[in-house]
Amino acid sequence: MSIFPETGKPIKQYLIPPQYFGEGIVDWGPYLYEWTWQSHICFVYDRNSMLPIRQFNYAGEGWGMTRNATELITSDGTATLRFRDPKTFKEARHIVVYDGSQPVTQLNELEWVKGEIYANVWHSDRIARISPINGHVLSWIDLSGILPSSQRLNDESVLNGIAYDSQHDRLFVTGKQWPTIFEIKLVRKSTK
């Protein structure tokens, strides 16, 4: 689904068959790639018509997806991020994400922001800023309290959406079942 950021209203949408649980989606030139959580299928759509034109199979689970200039980047709930060839959806390389000496698991939604990978950690209010070269966490974005607990419907109403508007240098976050999309600005944590 494409939406207007200011209103959240759909521009275009395509509903996948109900047997699939759609997860990460990313634009790639004239195409949109969407992969599924446990069905091992990545659908490729024509960006203008929103009609499916191709599909790929893969092993493992599909969680988040983003891209750089030459590769698709995917998460599967582990500490591993896979860089995939857009023509074949095959893994070309991977990195394992570490914060110091500790692997960071439950990597979920992904976004490419100014040469870094942003990844939220499932069931947390934190986003890791990750080096795409070596997988090291450069810093953390703490979004604790961004959505009051009174507005969360249940335990699954968690942070789960990151979008970067590179044209206007705007960063947006939202979550599952959240009533709001937030535009955020990053500030350094005070050392006082």
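**Entry 1: strand S13**

I began with strand S13 and looked up its burial: 6 of its 7 residues are buried, so the strand is largely enclosed by the rest of the structure. I note here that I am working from a predicted model.

I then followed S13 to its pairing with strand S14, residues 116-121, and found that the two run in the antiparallel sense over 5 bridges. Going through individual positions, I found Leu-110 standing opposite Ala-119 in S14, and I found that Trp-112 has Ile-117 of S14 as its bridge partner. The hairpin of S13 and S14 has 2 residues between the strands, and I wrote down that Lys-114 in this hairpin takes a positive phi near 50°.

**Entry 2: the sheet around S13**

Next I asked in what order the strands of the open sheet follow one another. I read the order as S13-S14-S15-S16, 4 strands with antiparallel pairing. Strands S13 (107-113) and S16 stand at the edges and have a single partner strand each, so one side of each is left without a neighbour in the sheet. From one strand to the next, I noted a twist that averages 25°. As a reminder to myself, strands of a sheet pair through backbone hydrogen bonds, in either the parallel or the antiparallel sense.

**Entry 3: the second largest pocket**

I turned to the second largest pocket, for which I noted a volume of about 490 Å³. Its lining is made up of 13 residues, and those that lie nearest its centre are Trp-140, Leu-186, Val-187, Arg-188 and Lys-189. I also wanted to know which strand gives the largest share of this lining. That strand is S16, residues 137-142, which contributes 4 residues, and S16 is also one of the edge strands of the sheet in my previous entry. By character, I recorded the lining of this pocket as 7 nonpolar, 1 polar and 5 charged residues.

**Entry 4: Glu-71**

Last, I looked up Glu-71, which I located in the loop between strand S7 (65-67) and strand S8 (72-75). Is this residue buried or exposed? Its relative accessible area is 13%, and because buried means under 20%, I entered Glu-71 as buried. I then checked its side chain for a partner and found a polar contact of 3.4 Å that joins it to the side chain of Arg-93.

Terms used
Residues are numbered from 1 along each chain as its sequence is written. This is a predicted model: local features need pLDDT of at least 70, side-chain atom pairs count only at pLDDT 80 or more; totals for chains, interfaces and linings use all residues. Side-chain values use heavy atoms; hydrogens and water are left out. On a 1 Å grid over the protein atoms alone, a cavity is a set of points where a 1.4 Å probe fits but cannot get out, and a pocket is an open set with protein on both sides within 12 Å along at least five of seven lines; lining residues have an atom within 4 Å of a point. Grid points are joined across faces, edges and corners, and a volume is the space filled by probe spheres set on the points. Ala, Val, Leu, Ile, Met, Phe, Trp, Tyr, Cys and Pro count as nonpolar, Asp, Glu, Lys and Arg as charged, and the others, Gly among them, as polar. Two strands pair if DSSP finds at least two bridges between them. Axes are lines fitted to C-alpha atoms, for helices over the stretch in contact, and angles run from 0 to 180 degrees between N-to-C directions. Buried means under 20% relative accessible area, exposed over 50%, partly exposed in between (1.4 Å probe, protein chains only). A polar contact is a pair of N or O atoms within 3.5 Å; within protein, one must be able to donate a hydrogen and the other to accept it, and residues adjacent in sequence count only if both atoms are side-chain atoms.
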